[in-house]
Amino acid sequence: MAKEVKTKKRMVIGYHNLPVELQDELKKRYPYGYTEAMIRVDKGPGDFFYGVVLETDQVNYLVKVDVKIDGSPEEEEDKEYFDDDIKGAEEIADDDDDSDE
């Protein structure tokens, strides 16, 4: 006698289209976020999305999640934080040099 193999239905669905109960289930499974569980799905040349797997008894969901990709170069970020026009910066640097003696 051969065993009957039951395959689960597989669906791709956006997070916002997921029923509230399944959104809650996703939050329970990933209480600290799902950044580490995300997978990149390539749809074609230059087209992709990120998703998270959510398994239920009847269906395996691939939940599309919105991801903001930061494309700005690091140098521009550094400029915002480390401005050369900080008043007193040279004096602080001079004080640090004096303390080494």
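Me: Which residue in β3 is the bridge partner of Arg40?
Reply: Happy to start there, with the reminder that this is a predicted model. The strands β2 and β3 run antiparallel and are joined by 5 bridges. Arg40 falls within β2 (39-44), and its bridge partner in β3 is Tyr50.

Me: Which strands are the edge strands of the sheet?
Reply: The sheet is open, has 4 strands with mixed pairing, and follows the order β1-β4-β3-β2. From one strand to the next, the twist averages 35°. An edge strand here pairs on one side only, and that description fits β1 (9-14) and β2 (39-44).

Me: In what order do the elements of the protein chain run from the N terminus on?
Reply: Good one to settle before going further. The protein chain holds 3 helices and 4 strands. Read from the N terminus on, the order is β-α-β-β-β-α-α.

Me: At about what angle to β3 does helix α1 run?
Reply: Helix α1 covers residues 20-29. This helix lies across two strands, β3 and β4. Relative to β3, α1 runs at about 85°.

Me: Which element supplies the largest share of the largest nonpolar core?
Reply: In soluble globular proteins, nonpolar side chains tend to be buried together. Here the largest nonpolar core has 11 residues, among them Leu22, Leu26, Val52, Leu54 and Val63. At least two residues come from each of α1, β3 and β4. The largest share, 4 residues, comes from β4.

Me: Which residues does Val65 touch, not counting residues up to four places away in sequence?
Reply: Val65 is one of the residues in the largest nonpolar core, as is Val52. Leaving out residues up to four places away in sequence, the contacts of Val65 include Val52 and Gly51. The full set is Tyr34, Met38, Tyr50, Gly51 and Val52.

Me: Is Thr56 buried or exposed?
Reply: Thr56 has its place in the loop between β3 (47-55) and β4 (59-65). Not counting residues up to four places away in sequence, Thr56 touches Lys8, Leu22 and Tyr61. Its relative accessible area is 18%, and the cut-off for buried is under 20%, so Thr56 counts as buried.

Me: Why is the pair of Tyr30 and Tyr34 edge-to-face?
Reply: Planes over 60 degrees apart count as edge-to-face. The ring centres of Tyr30 and Tyr34 are 6.2 Å apart. Both residues are partly exposed, Tyr30 with a relative accessible area of 23% and Tyr34 at 26% relative accessibility. The planes of the two rings stand at 80°, so the pair is edge-to-face.

Me: What is the angle between the planes of Phe48 and Tyr50?
Reply: These two rings form an aromatic pair that is edge-to-face, 5.8 Å centre to centre. Phe48 is partly exposed at 30% relative accessibility, and Tyr50 is partly exposed with a relative accessible area of 22%. The angle between the planes is 90°.

Me: How far from the ring centre of Phe48 does Arg40 lie?
Reply: Arg40 turns up again here, having Tyr50 as its bridge partner in β3. Phe48 forms an aromatic pair with Tyr50. Arg40 lies over the face of Phe48, and its distance from the ring centre is 3.7 Å.

Me: Over the ring of which residue does the charged end of Lys64 sit?
Reply: Lys64 falls within β4 (59-65). Its charged end sits 5.0 Å from a ring centre, and that ring belongs to Phe49.

Note on methods
Residues are numbered from 1 along each chain as its sequence is written. This is a predicted model: local features need pLDDT of at least 70, side-chain atom pairs count only at pLDDT 80 or more; totals for chains, interfaces and linings use all residues. Side-chain values use heavy atoms; hydrogens and water are left out. Rings of Phe, Tyr and Trp (its six-membered ring) pair if their centres lie within 6.5 Å; planes under 30 degrees apart count as stacked, over 60 as edge-to-face and the rest as tilted. Buried means under 20% relative accessible area, exposed over 50%, partly exposed in between (1.4 Å probe, protein chains only). A charge sits over a ring if NZ of Lys or CZ of Arg is within 6 Å of the ring centre and within 35 degrees of the ring normal. Contact means heavy atoms within 4.5 Å. Two strands pair if DSSP finds at least two bridges between them. Axes are lines fitted to C-alpha atoms, for helices over the stretch in contact, and angles run from 0 to 180 degrees between N-to-C directions. A nonpolar core is a set of buried Ala, Val, Leu, Ile, Met, Phe, Trp, Tyr and Cys residues joined through side-chain atoms within 4.5 Å.
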